[in-house]
Each structure stands twice: as C-alpha cells, then as structure tokens.
Amino acid sequence: MTPLFAFTPDELTAIRLSLWVAFWAMLASLPVGIAAALVLARGRFWGKALLDATVHLPLVMPPVVTGYLLLLLFGRNGPLGRFLAESFGIVFAFRWTGAALACAVMGFPLMVRSIRLSLDAVDRRLEAAAGTLGASAPWIFATITLPGILAGMILAFARALGEFGATITFVSNIPGETQTIPTAIYMLLQEPGGDLAALRLTLVSIAISLAALIAAEPLMARAARRALGL
Amino acid sequence: MLSVAVEHRLGDFRLDAAFDSTGGLTALFGRSGAGKTSLVNAIAGLIRPDRGRITLEDTTLTDTERGVFVPARRRHIGYVFQEGRLFPHLTVRQNLLYGRWFARERRDAARPGEVEHVVDLLGIGDLLARRPANLSGGEKQRVAIGRALLAHPRLLVMDEPLASLDEARKAEILPYVERLRDDTRIPIVYVSHQVAEVARLATTLVVLSEGRVAAAGPTAAIMGRIDLFPLTGRAEAGAILSTRVAEHDVRFGLTTLRAAAGDLRVPYIDLRLGAPMRVRIRARDVMIAVEPPHGLSALNVLPGTVAEIGHADGPIVEIRLDCAGEALVARLTRRSVESLGLEPGRQVYAVIKSIAFDHHSIAGAAPAAPGADAETRHG
C-alpha cells in the first residue's frame, strides 16, 4: 500500500492547475468585481435591482446550466468564442483558460458580495479624513478602501478552487489541461481503488483553503503599506 | 486671514454665519446643534454650502456665485476630527506620514527633521510602531494632530478634539494645543462647547447660536459680556485676565500673578517669573465688598467700579466690573445688589479666594515638562 502523501504526477498537475486556474479566475474577475461592488454598494440608479439579480444569477442557477451557456457562447462555434479566437487567438474550449473563465463566472457573485460587504464596512469618514490630507480619489481607494476588500479577494480565490459543475460541463475533465482538484477527486471516486488518492486531494484542498483564510489578515496590512510606498 | 460667510440648509437646520479670523486660535463656541461642525466642514471643503464665500489668505476656496469650489484635498487644511479617524490598518508612523506623502510635491514640503520635530512637540515618539487600536484616547488625538500637521496645512481645523476624552486626558492634551498655538504659525479654527477649553485656548472667540453668529471678538472681551452668559453657559461663565508670573512664595506654596487689575495669589505654579498666564475667574467665585475688606481669609482683593448690572434671572444677577480697564464678572443675589446699593459707577472691591483657581481656570505657556499641568504640580 502506498503511503498517504505519495502524490502521483497527475495529482500534482491537478493541484498546480487548480491554483493556476483559481489565481487567474480571481485576477481576471477582480476589476469587474470591484466595479460591480462599487456600483452596487454606493450607486443609486434605475435598474440597480436588476443588475444585482444578474450578478447573483450564477449563484442560484444550476452550475451545469452556467457551464452549458458558457459552452454555447465561448465554445469553438459560439459567437463570442469564435470572435475571440479569430481576433485575439484566445481559445476557451477545452483549455485551462476555459476552466478559469468558468471559475471566474461561478465565483463572481461571491466576490462581488464579499467586496460589497467590505465596502459597506469601510468607514466613509476615514475616506473623508484621507481627503483632507491631500489624497485623491484613486489614492484613497488604494490606501484606505482597498485594504478592507483584500480579504474578499482571497475568499473569492478560495471559492474558485472548489468550482466543479460549470468547469466539467464547459471544458470537460482533461488531465494536464482542465483537470482541477474537484474534478480529479470526482474522477478518482469513479475508479475502483481511487479512495486513498481522493482523500489525499481532499486534504490538500482543505489545507489550501485554510492557508488562504489565514493569509488574508497580514496581506491586508502589507498591501496598504505597499500602496503608500513605505 | 480666513474669511467665512456661508448659508447652508440641512433639513430643518439653517446655517447663516460669517466671521473673520486673523490668525492665532479662533474658537467656534456654542451648544451642540449650533452649527459649529457644519461651519468647519464648509471651511475644510467636506460640505458645499448652498451659498457663500470662503477665502484663506489670497485663495478663494468656495465662492458659490462664481462657481468656485476647491475640493478638500487641494485646500491644504489639516482637520483633526472629534474621533481622531486614524487609519486602523496603518501604524502610527504610517498614519503620521500619510498626508506628508501627498504634500511632497509642494515647494515648502519636507523640511528636514520636521517629522522628529512634530513627534517631539506632541510627545509621541514611543508610539510610532503601534497601531491605533493600541493607543489611549489622548494618544490617538495627539497622533491625529501630528498627522494633520505633517500634511503642511495652511490652516488647522479641530472639531471638538477633546470631547471624547475624560478630564485627565483633556489635561494631557491641552498643553500641546497651547504649544501648537504659540510655537507654529499655523492659524487654528477650534470647535468646542466647553467654556473652560475655549477660555484657555482661544485668541478670538466666535459664539454660535442656532446657526448664527451671536458675537465675535477677542476672547477676554466676549467672555466678559454678561449679556452673552445665557449662551456661554451661566454656571461656568467668567472673565479672563491676562497676567504674568510676578513672584513665588515658597514658604506658603503660592504664586503671585500680576494683572492690570492687580495682583492675584494662586496655588504654586511651576513657571519662570515673567511667564504669561491666562486666568479665568468664574463669576460665581467672586464676592463684592463696598469697602476695603479687613479680617478676611481671601487673599485676592481687586478694586474696581461697577460697569454694568445684568438682567435678573430669578434671585441671581451678574454684574460686570471695570478693574483698571479689565473686565471682571461677579454673580450675586438680587438681594445683595440691592442691600449694597450697587449701581453703575460705584467703587467696589472684588474678593476672590486663592483656592478658586484650579487647572480649569489657569493656563499659560506650555509647562516645563509635557504631560504635566498646573494643578498637579503645586502639590
């Protein structure tokens, strides 16, 4: 019997790929997420409720439906997929980029929610104080507002690690290209004798999630210092 | 020079106030809800008044008629908020340097050694590595003052900076504000509803009531006006005398302060001879005699003439004395006024007990060591 932590190359690849996919999913959705959260937290406009609902759609729709819609839109023959492939050479179908897109879309509502919560928690009076000290709006955002929402980003990253339904529907489960930890666990559980490997990846998944949560705190402080150039 | 004339409506409240300040410390004084904070927020650019004009030196900050509104961050007005508003995720040092970072492009910025100077002035050298959460209320306010100073303000606005502190912490901060007023050349607009604070700090006093300026002028002149007592607060009301330390009596632990009105003997104050002291004499601490008193324990007797008798409020009447050109106010019963036959022009003697003076009423230059005040030192 193999020891518990003897990872096979395929498993290591799945772990690496998971982190990679989650990282890019978070990074790509971040600007849109911040913009959406800002508009929802502080804006007052007609149709806000509709935007709010649209943002939350991936949270309540079956992931398979989201994955299928992504396949229809961004697949090789989908209108957006073809346009992006022909104009920019960006292909999503059955690539890791597709997995990242699926994670980004699925994690988007959670990201917007947590950023919005942190934005609500940011003391507007502190922003006013920064203004009297000479800080412009982007600087205030970077040094006072943003440190409060960094935790939300990390949580969104951790959430992206766990995406399953939309990923497997959109880009399938190709080892080395689109197979992330959750899809690898799913596949291992379909095979006889795969329990131990599944447990291994499960533990890895728990460890990464814990690390992300613990990392959130000091990162907030460091980001703020860096933004100030101190 | 700061010149303010604004009108602003906030719900049912209407602010319609105008005043000028020619430097030093200008106190905006009034009850809560008098419009003090709205007025300083208009000065700092945190609110845009409905109508009005605000100028600082030769710069127009707000002029609604010409559509001028300089945003807060370009006004270079340091703001010390009531609750400090330190950035919780930054250390004290980072908080201090926050505004300095944005002031760096300005010509006059970054004088060498200025951070050390401000840190020293405020006595916050030991706090630099700490987070605001680990500071006491008084320490927080000192850091907030330092942060505002290091942004190179052209004007410092302080909105009830001591309101959230207890008496001991207030006594800890007051000397620093005095130093700020006397050592830096930055004009200060100081909001307060505490008579004692204002009497001690203000060079110019602007009394606000229900959104309007009820009176404005030199602090001593305003504090001596008995018609304003309902606004300045009757119980704490009193006149202000400018004095100098004239003599120390080591044997009895007394210090003699010399004013134009005469000498005052007060509990020992650890200040060099000649040091300026501002003394507030509460109206309720002053007795009146119509002849030079004899066989009296009170050490301070100032001769003067009755200048004005106020309107009676039940049994109580305030009278203003002219003591060699300085105003002194006394609070008497209507009965005493009548039985002594007091009327304007009458020669009288004001009697004040030495122990009526405490750290609420005596303030001078900064004490020899930071953190100490007059009361804790005479023992």
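**Exercise 1. The crossing of α4(B) and α5(B)**

Task: Determine the hand of the crossing in which α4(B) passes α5(B), and state how the two helices are oriented to each other.

Solution. The model under study is predicted.
- Step 1: the hand. In this crossing, α4(B) passes α5(B) in the right-handed sense.
- Step 2: the geometry. Helix α5 of chain B covers residues 167-183, and the axes of α4(B) and α5(B) cross at roughly 20° and come within 9 Å.
- Step 3: the orientation. Angles under 35 degrees count as roughly parallel, and α4(B) and α5(B) are therefore roughly parallel to each other.
- Step 4: the residues. From α4(B), the residues G137(B), G138(B), Q141(B), R142(B) and I145(B) take part, and they meet R169(B), E172(B), I173(B) and Y176(B) of α5(B).
- Step 5: the classes. This contact of α4(B) with α5(B) consists of 3 nonpolar, 3 polar and 3 charged residues.

**Exercise 2. The partner of α4(B) on another side: α3(B)**

Task: Describe how α3(B) and α4(B) pack, giving the angle and the separation of their axes, and classify their orientation.

Solution.
- Step 1: the geometry. Helix α3 of chain B spans residues 114-122 and helix α4 of chain B spans residues 137-149; their axes lie 10 Å apart, at an angle of about 150°.
- Step 2: the orientation. Angles over 145 degrees count as roughly antiparallel, and α3(B) and α4(B) are therefore roughly antiparallel to each other.
- Step 3: the hand. α3(B) and α4(B) form a right-handed crossing.
- Step 4: the residues. V118(B), V119(B) and L122(B) of α3(B) meet four residues of α4(B), namely R142(B), I145(B), G146(B) and L149(B).
- Step 5: the classes. In the contact of α3(B) with α4(B) there are 5 nonpolar residues, 1 polar and 1 charged.
- Step 6: the link to Exercise 1. R142(B) and I145(B) belong to the contact with α3(B), and R142(B) and I145(B) also belong to the contact with α5(B).

**Exercise 3. A helix pair in chain A**

Task: Establish whether α3(A) is oblique or roughly parallel to α5(A), and list the residues that meet.

Solution.
- Step 1: the geometry. Helix α3 of chain A (residues 63-74) packs with helix α5 of chain A (residues 96-121) at an angle of about 130°, and their axes are 11 Å apart.
- Step 2: the orientation. That angle makes α3(A) oblique to α5(A).
- Step 3: the hand. The crossing of α3(A) and α5(A) is right-handed.
- Step 4: the residues. α3(A) contributes P63(A), T66(A), G67(A), L70(A) and F74(A), which meet G98(A), L101(A), A102(A), V105(A) and M106(A) of α5(A).
- Step 5: the classes. The contact of α3(A) with α5(A) has 7 nonpolar and 3 polar residues, with no charged residues.

**Exercise 4. The two chains as wholes**

Task: Summarise the secondary structure of chain A and chain B, with the extent of each C-alpha trace.

Solution.
- Step 1: chain A. Its secondary structure comes to 10 helices and 0 strands, and its C-alpha trace spans about 65 × 45 × 30 Å along the principal axes.
- Step 2: chain B. Here there are 10 helices and 21 strands, and the C-alpha atoms of chain B fill a box of roughly 65 × 50 × 35 Å along the principal axes.
- Step 3: the globule rule. For 379 residues, a compact globule would have a radius of gyration near 21 Å, and the 22 Å of chain B agrees.
- Step 4: the domains. Chain B is divided into domain 1 (2-223) and domain 2 (238-378), and the centres of these two domains of chain B are separated by 31 Å.

**Exercise 5. The contact between the chains**

Task: State how many residues chain A and chain B bring to their contact, and which element of chain A gives the most.

Solution.
- Step 1: the counts. Chain A provides 18 residues and chain B provides 20 residues.
- Step 2: the elements. On the side of chain A that touches chain B, two or more residues each come from α6 (124-132), α7 (137-161) and α10 (195-228) of chain A.
- Step 3: the main contributor. α6(A) gives the most to this side, with 6 residues.
- Step 4: the classes. The side of chain A that touches chain B divides into 12 nonpolar, 4 polar and 2 charged residues.

Key: Residues are numbered from 1 along each chain as its sequence is written. Chains are lettered from A and ligands numbered from 1 in the order in which they are written. This is a predicted model: local features need pLDDT of at least 70, side-chain atom pairs count only at pLDDT 80 or more; totals for chains, interfaces and linings use all residues. Two residues are in contact if their C-beta atoms, placed from the backbone, lie within 7 Å. Ala, Val, Leu, Ile, Met, Phe, Trp, Tyr, Cys and Pro count as nonpolar, Asp, Glu, Lys and Arg as charged, and the others, Gly among them, as polar. Domain bounds come from an automatic or database domain assignment. Axes are lines fitted to C-alpha atoms, for helices over the stretch in contact, and angles run from 0 to 180 degrees between N-to-C directions. Angles under 35 degrees count as roughly parallel, over 145 as roughly antiparallel, 65 to 115 as roughly perpendicular and the rest as oblique. A crossing is left-handed if the near helix is turned anticlockwise from the far one by less than a right angle, and right-handed if clockwise. The radius of gyration is taken over C-alpha atoms; the globule rule is 2.2 Å times the number of residues to the power 0.38.
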